[in-house]
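The following exercises are to be worked with the sequence and the three-dimensional structure at hand. Each task is followed by a solution in steps.

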Amino acid sequence: MYRFQVNGTQHEVQEDQRLIDFLRADLKLTGTKEGCSAGACGTCTVIIDGKKAKACVTKLSQLDGKSVVTIEGLSEREKAVYTYAFGECGAVQCGFCIPGMIISAKVLIDENNDPTPDDVKKAILGNICRCTGYVKIEEGIMLAAKMFRENLPVPEKDTNGNVGARLHRVDAEEKALGTGQYADDIHMDGMIYAKALRSKYPRARVDRVDVSKALAHPKCVTALTAKDVPFNKTGHLVPDWDVLIAEGDNTRYVGDAIALVATTEKKYLDEVLALVEVDYTELEPVVDPLEALKPDAPQLHPNGNVLSRQTLSRGDVDKAIAEAAFVVTNHYSTPQTDHAFMEPECAVAYREGDVIHLHSGSQNVYDDRHEVSRMLGIPEESVKVHSML
Ligand code: FES
Ligand code: FES
């Protein structure tokens, strides 16, 4: 039995689990977000006995006798000040990192309400933001510190929208306080949970997939393979990505899905996934784009390894070059860049009459509707995609 407090309420829990699961699933305190699940991104930051901690790497067994504060546990004054300061400084974009940022800010300001910009930088070192570039967040924390220090009232927000007015985002409050819903925050009574079995190898032929043992597990609702998918391809530009890799087909990266299992409770997903049997023949992976262009490179797709070639020109290029005072010819390349992916790739779906509703973090509801309806072999009108925060 573990005894601890969350936001002033005493809890006694028998079973050990991650603090983030207890907060989000058991207490429905979804203001604490789960990004990386590995202690790296800071979206799950909470306060334990006055110190910052990552809820995704903290177990309930470490909490006996301790006190946890989440974003929901801030006082009304704190909520109002942080919401105003972050809104005023334009520090909130997608908002996924912001509750964790505010918790880090609170720990700093509770100890020192006159921080320097360097103090603020240090305080949020463990919090990644995929959107803002940090400057506005630092300004927001400095403003919040000033408001607490000088006991300033929270000004009325300017909502008239006149030219030159500094407007706060309409969703600044729900994003700052974590009350807005991302796909992973949705809970529906009786919902089931699904997870994909990913490829063991970056490139391999899948010789056999057997889900019979998974299906026999008492908590398993269903286990699906490529045979269950009416149209087994997806892809925005070219539908060349297998939804699930079928027996006899090759995987192209470790993220390729082989099977999908659904369980009545989330905690059984890994146990059931482990029962899916897959036989592979491991193949040499193609890990270098230049190697992939060579004629003798393994062909990853029926049409080869080039997705598309683009030539961009505007106006009469030959004439412009002929008449130019100088002509510079060079080869330019850009580095590969990817943003820090924080929000979990997840979706919640349910059926209402003939319509399947899909709530996801995707920003492109029309592409999603097109691809989901094509994959399921149903009309587009039967799929309604909702883009969450
Ligand atoms: S640090 Fe916990 S979810 Fe990223
Ligand atoms: S506002 Fe920080 S992750 Fe989007």
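## Overall composition

The chain of this predicted model contains 11 helices and 15 strands.

**Exercise 1.** Describe the extent of the chain, its burial and its contacts.

*Solution.*
- Step 1. The C-alpha trace spans about 75 × 70 × 40 Å along its principal axes.
- Step 2. Of the 389 residues in the chain, 37% are buried, where buried means under 20% relative accessible area.
- Step 3. Among contacts with a separation of 6 or more, 66% are between residues 24 or more positions apart.

**Exercise 2.** Characterise the exposed surface and the charged side chains of the chain.

*Solution.*
- Step 1. About 22600 Å² of the chain is exposed, and carbon and sulfur atoms supply 52% of that area.
- Step 2. There are 59 negative and 44 positive side chains.
- Step 3. The centres of these two sets lie 2 Å apart.

## The five-stranded sheet

**Exercise 3.** In what order do the strands of the open sheet of 5 strands lie, and which strands stand at the edges?

*Solution.*
- Step 1. The order is 2-1-5-3-4, and the pairing is mixed.
- Step 2. Strand 2 (9-13) and strand 4 (51-54) each have a single partner strand, so one side of each is left without a neighbour in the sheet. These two strands therefore stand at the edges.
- Step 3. From one strand to the next, the twist averages 35 degrees.

**Exercise 4.** Determine the sense in which strand 1 pairs with strand 5, and the sense in which strand 3 pairs with strand 4.

*Solution.*
- Step 1. Strands of a sheet pair through backbone hydrogen bonds, in either a parallel or an antiparallel sense.
- Step 2. Strand 1 (residues 2-6) pairs with strand 5 (residues 67-69) in the parallel sense, over 2 bridges. Valine 6 has valine 68 of strand 5 as its bridge partner.
- Step 3. Strand 3 and strand 4 run antiparallel and are joined by 4 bridges. Here threonine 45 has lysine 54 of strand 4 as its bridge partner.

**Exercise 5.** Which strands does helix 3 touch as it packs on the sheet?

*Solution.*
- Step 1. Helix 3 (residues 98-111) touches strand 3 (45-48), strand 4 and strand 5.
- Step 2. The direction of helix 3 makes about 35 degrees with that of strand 3.

## Loop residues

**Exercise 6.** Where is aspartate 49 placed, and is this residue buried, partly exposed or exposed?

*Solution.*
- Step 1. Aspartate 49 is in the loop between strand 3 and strand 4. These strands form a hairpin with 2 residues between them.
- Step 2. The phi of aspartate 49 is near 50 degrees, which is a positive value in a residue other than glycine.
- Step 3. The relative accessible area of aspartate 49 is 44%. Partly exposed lies between the limits of 20% and 50%, so aspartate 49 is partly exposed.

**Exercise 7.** Locate tyrosine 134 and threonine 116, and assign the exposure of each.

*Solution.*
- Step 1. Tyrosine 134 is found in the loop between helix 4 (117-123) and helix 5 (135-149). Its phi is near 75 degrees, a positive value in a residue other than glycine.
- Step 2. The relative accessibility of tyrosine 134 is 28%, so this residue counts as partly exposed.
- Step 3. Threonine 116 is found in the loop between helix 3 and helix 4. With 37% relative accessibility, threonine 116 counts as partly exposed.
- Step 4. Threonine 116 and glutamate 138 are 22 residues apart along the chain, and their C-alpha atoms are separated by 10.0 Å.

Terms used
Residues numbered from 1 in each chain as written. Chains lettered and ligands numbered in written order. Predicted model: local features only at pLDDT ≥ 70, side-chain atom pairs only at ≥ 80, totals over all residues. Heavy atoms only, no water. Pairing = 2+ DSSP bridges. Axes fitted to C-alpha atoms, helices over the stretch in contact; angles between N-to-C directions. Contact = heavy atoms within 4.5 Å. Buried < 20%, exposed > 50% of the residue type's maximum accessible area, 1.4 Å probe, protein only. Areas by Shrake-Rupley, 256 points an atom, 1.4 Å probe, with all protein chains shown as cover. Lys, Arg positive; Asp, Glu negative; His and termini not counted. Charge placed at Lys NZ, Arg CZ, Asp CG, Glu CD.
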